[in-house]
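Q: I would like a close look at one part of this model. Please keep the sentences short and work outward from there.

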Amino acid sequence: MPLTPKQEAFAQHYVKHGNKSDAYRYAYDTSNMADETIWVKANELSSHGKVSVRIEALKKELSDKELYTLEESVRGDKKLIERYEKALDVLQDENSTDKQLDVAKRTIRFIGSHGYNSARDRLAKQHGHFEKDNKQKTLPIMKVVDVANYKK
């Protein structure tokens, strides 16, 4: 027997946002309920057999989707970086043929330095080489003092 529309809405909202009480408020009318009651009902509902199975299935589905997306992103960025660097190697090699040089030039023009640098930045961020908020440390602003009228 499938979940009711309200149970399904609860499960999906909970998996997306991670808060059982908010998911319960989203799926059910809670206008006459105290927060404690909502919390108890949300916990009971999430423990219900069919609902808990659905929650786990949605979590796995979301996890698989995110993992796939990350893997594909990394693979694509690595491939782009490798193509760009191989093209640079061809340009620097004195034994490269005219055809190889032409292909290398087109590859570098197509990817561009911006595309190459963007791919490197994404990989660095995915491997934790930047702060989470992506704000790098800046130097403090120095106060300029007018020494012409400075008195001891």
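What does glycine 76 count as by its relative accessibility, and why?

A: Remember that this is a predicted model. Glycine 76 has a relative accessibility of 37%, so the residue counts as partly exposed. The reasoning needs two cut-offs: buried means under 20%, and exposed means over 50%. Glycine 76 falls between them, which is why the label is partly exposed.

Now place the residue. Glycine 76 sits in helix α4, and this helix covers residues 49-92. Next, look across to alanine 119. Along the chain, glycine 76 and alanine 119 are 43 residues apart. In space, their C-alpha atoms are separated by 8.7 Å.

Stay on helix α4 and move to lysine 86, which belongs to this helix too. Lysine 86 has 57% relative accessibility, so it counts as exposed. Its C-alpha atom is 9.6 Å from that of isoleucine 108. Those two residues are 22 apart along the chain.

Compare valine 103, which lies in helix α5, residues 98-126. Its relative accessible area is 38%, so valine 103 is partly exposed. Valine 103 and valine 90 are 13 residues apart in sequence. From C-alpha to C-alpha, they are 9.2 Å apart.

For a buried residue, go to helix α2, where serine 21 has its place. Serine 21 has a relative accessible area of 11%, so it is buried. Leave out residues up to four places away in sequence, and serine 21 touches Ile38, Trp39 and Ala42.

Helix α2 also meets helix α1. Two packed helices are described by the angle between their axes and the distance between the axes. Here α1 is residues 5-17 and α2 is residues 20-27. Their axes come within 8 Å and cross at roughly 145°. The crossing is right-handed. On the α1 side, Lys6, Ala9, Phe10, His13 and Tyr14 make the contact. On the α2 side, the residues are Lys20, Asp22, Ala23, Tyr24, Tyr26 and Ala27. Sorted by class, the contact has seven nonpolar, one polar and three charged residues. The polar one is His13.

Look at α1 by itself. Its buried residues are Gln7, Glu8, Phe10, Ala11, His13, Tyr14 and Val15. Phe10, His13 and Tyr14 appear both here and in the contact with α2. One rule helps when reading such lists. An α-helix has 3.6 residues a turn, so residues three or four places apart point the same way.

Check the length of α1 too. At 1.5 Å a residue, its 13 residues should span 18 Å, and its end C-alpha atoms are 18 Å apart, so the two values agree. After α1 comes glycine 18, with a positive phi near 75°.

Finally, step back to the whole protein. It has five helices and zero strands. Along the sequence, the pattern reads α-α-α-α-α. Of the 152 residues, 24% are buried. The exposed area is about 12400 Å², and carbon and sulfur atoms supply 54% of it. Take the contacts between residues at least 6 apart in sequence: 51% of them join residues at least 24 apart.

How values were computed
Residues numbered from 1 in each chain as written. Predicted model: local features only at pLDDT ≥ 70, side-chain atom pairs only at ≥ 80, totals over all residues. Heavy atoms only, no water. Axes fitted to C-alpha atoms, helices over the stretch in contact; angles between N-to-C directions. Helix = DSSP H or I, 4+ residues; strand = E, 2+ residues; numbered from the N terminus. Left-handed = near helix turned anticlockwise from the far one by under 90°. Contact = heavy atoms within 4.5 Å. Expected span 1.5 Å × (residues − 1). Buried < 20%, exposed > 50% of the residue type's maximum accessible area, 1.4 Å probe, protein only. Areas by Shrake-Rupley, 256 points an atom, 1.4 Å probe, with all protein chains shown as cover.
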